Structure formats: structure tokens, C-alpha cells
Amino acid sequence: MGKLDGQVAIVTGAARGLGRAYARRLAALGAKIVVSDLDLKSFEEFEAERNAMTGDSTVAEIEAGGGSAMGIELDVADPQAVEAMVAQVVREWGRVDILVANAGGGRGRPIDTKASTLDPALLQLVVGMNLYGTIYCCNAVAPIMKQQRYGKIVTVSSVAGISPSVDGGYAHYGTAKAAIAHYTRYLAQDLGPHGITANCIAPGTIATGRIMQSVIPGSSRANADPAARVALRRIGTVEDCARVVEFLTTDLSDYVTGTLIPIDGGLMR
Ligand SMILES: NC(=O)c1ccc[n+]([C@@H]2O[C@H](COP(=O)([O-])OP(=O)(O)OC[C@H]3O[C@@H](n4cnc5c(N)ncnc54)[C@H](O)[C@@H]3O)[C@@H](O)[C@H]2O)c1
């Protein structure tokens, strides 16, 4: 018996990276998984992500392990598409117990996205895919979770949403992620009386393909060892984060809500 047998979990941005790790972990605990992503083949963009795959999609990997998964392609920044996804899940699987609102990330390079020189289109894109996308997903699952009088929501901030970078780069992203953490505190107050928890995680430097191949090389500290500023002297793995998501989506965290949990190995930015 898995801890999450009979439950349904939606993980956004689950085609690669951290979202894929969350989806696989929750599937291993017995949940049926909705793998949602802008592009269910997004792992093809980065060599490290491509090489990590053991099937031709996260859905195929979960099914090969004996689990149940459905893939849905959508843009979380499109509220109608998000509503349609949740309606489809309820039609096909009858419930939604867990939402991991993971889709997001930065765009542009840290050295080109300083706080005083933000391009309006890039700002809109990054705030849309992170903050608005998170809110749309939470809004869409809330009525179902209220009916069930049960639900666990995990939103995704970043250490960039807790403190700024030393050079003021990636300001659009850090601002959106700070707002997600604060939105989650409101959400916890709103949904707590309905038996629903809402917590936020703030990953530090985690070794996904995007971070290793794009973000770190594009930062002003590109030549410095990223592990040197981490107390544990290593950058994080997707499993480091997946373990915390397991905590926040199982009964271990039943009396935990409205919190922000950094998963950063003791990073000093
Ligand atoms: N990797 C890190 O070090 C790190 C650190 C802090 C926070 N985070 C956050 O964790 C989450 C996952 O990070 P990652 O490194 O795995 O990113 P990633 O870019 O590797 O994966 C993100 C996935 O989300 C999908 N996606 C992007 N925009 C979308 C949209 N509008 N609608 C639906 N899907 C969309 C992408 O296609 C991709 O598959 C992000 O929210 C990111 O900001 C990551």
C-alpha cells in the first residue's frame, strides 16, 4: 500500500527537471498523476534532461513503473486552459487531492535582467508563467478540494524570492517568486477552514538541465563554483526537493500550512 493510493495529483511543469521528479515520486507513493506542461517533450531542450529520461515522456516513465498518469499540454498562464485541465481530470478521475504548482522558471539571462532595466515583455512573460500560472492553478483546484474537504497544495518560490542577487539580476523572476510565497500565505488562510493545506517551497541551486546549461553560465558568477556558497558544499538534486514535496503532500505535514520552506543546503546568496 502506498501512502497516496487512491489520490490524484496534478504536477505542472512535469515534463522535465524538478516537476518530473515530483511526478515520479508521488506516483511511487501510489497517486495517479496528471503530468501537465507547455510541452510534454520539453526535456529535449537540454542534453542532461534528455539523458535522464528512461522513457519517451514522464507519463511513459510512470506507466512503465506500474503507475497511472495522464499528460496534458497547456500554458498555466492561460486561465481557461487551466480550468479545462481541472475539469478533464475531475471527469476522468473524479477528484484532485494534490496540486504541485511547479511550472515556471526564469527567462533571459541574469546579466540582462537587472531590476532597473527590465524589458516589459519579458517581465510580463515571467510574472505570467510563475505568479499568474500558480494562482490560476490554485483557483481551479480550490472548489474541488473544498467539496472533498481535503487537499494539499504546494507552490514553488525560489531563494531568489527571499533575497536578491548581489548584482540585481533576474529581478523579474525573484519578484514573481516572492509574490508566490506571499500569495501562498493568503491561500493557507483562505483554505485552512476547508481542510486544505497550502505551503511553498523555495529551492536553491538545484542541478536541472536549465540551471546547469543556461542560468549559471549566464550569470555574473559564471566562473565561480556554485557549491562554494552552500553550507553543505554541494548543489542540490531534484530528489532533495522531491523529498520535501513528499512531506508536504502526505500526512506527515497535516498540521503544517502557510509556511515557506527553503531547500537550499544553507545557501548564502
Ligand atoms: N532548478 C532550480 O535550481 C530552481 C531553483 C529555484 C526555483 N526553481 C523553480 O522550480 C520550478 C522547476 O524548475 P526547473 O529547474 O525544473 O525548470 P525547467 O525549466 O527545467 O522545467 C520547467 C517545466 O515547466 C514547463 N513550463 C514552463 N512554462 C510553462 C507554462 N507557462 N505552462 C506550463 N508549463 C510550463 C517547461 O516546459 C518545463 O518542462 C520552476 O518554477 C523554477 O522557477 C528551480
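Ala9 stands opposite Ile33 in strand 2. That pair belongs to strand 1 (residues 8-12) and strand 2 (residues 32-37), which run parallel and share 5 bridges. For pairing, DSSP must find at least two bridges between two strands. Helices (H or I, at least four residues) and strands (E, at least two) are DSSP runs numbered from the N terminus.

Before going on, the provenance. This is a predicted model: local features need pLDDT of at least 70, side-chain atom pairs count only at pLDDT 80 or more, and totals for chains, interfaces and linings use all residues. Residues are numbered from 1 along each chain as its sequence is written.

Now the sheet. It is open, with 7 strands in the order 3-2-1-4-5-6-7 and parallel pairing. Strand 3 (69-73) and strand 7 are the edges; each has a single partner strand, so one side of each lacks a neighbour in the sheet. On average, neighbouring strands are turned by 15 degrees against each other, direction ignored. Axes are lines fitted to C-alpha atoms, for helices over the stretch in contact, with angles from 0 to 180 degrees between N-to-C directions.

Helix 5 packs on the sheet, touching strand 1, strand 4 (98-101), strand 5 and strand 6, and its direction makes about 170 degrees with that of strand 4. Contact means C-beta atoms, placed from the backbone, within 7 Å.

Helix 6 lies across strand 5, strand 6 and strand 7, at about 165 degrees to strand 6. Its buried residues include Ala171, Tyr173, Ile180 and Leu187; buried means 20 or more other C-beta atoms within 10 Å of the residue's own, again placed from the backbone. Helix 5 (120-148) and strand 7 (260-263) are among the elements covering them.

Technical notes:
A residue is buried if 20 or more other C-beta atoms lie within 10 Å of its own, exposed if 12 or fewer, and partly exposed in between; C-beta atoms are placed from the backbone. Two residues are in contact if their C-beta atoms, placed from the backbone, lie within 7 Å.
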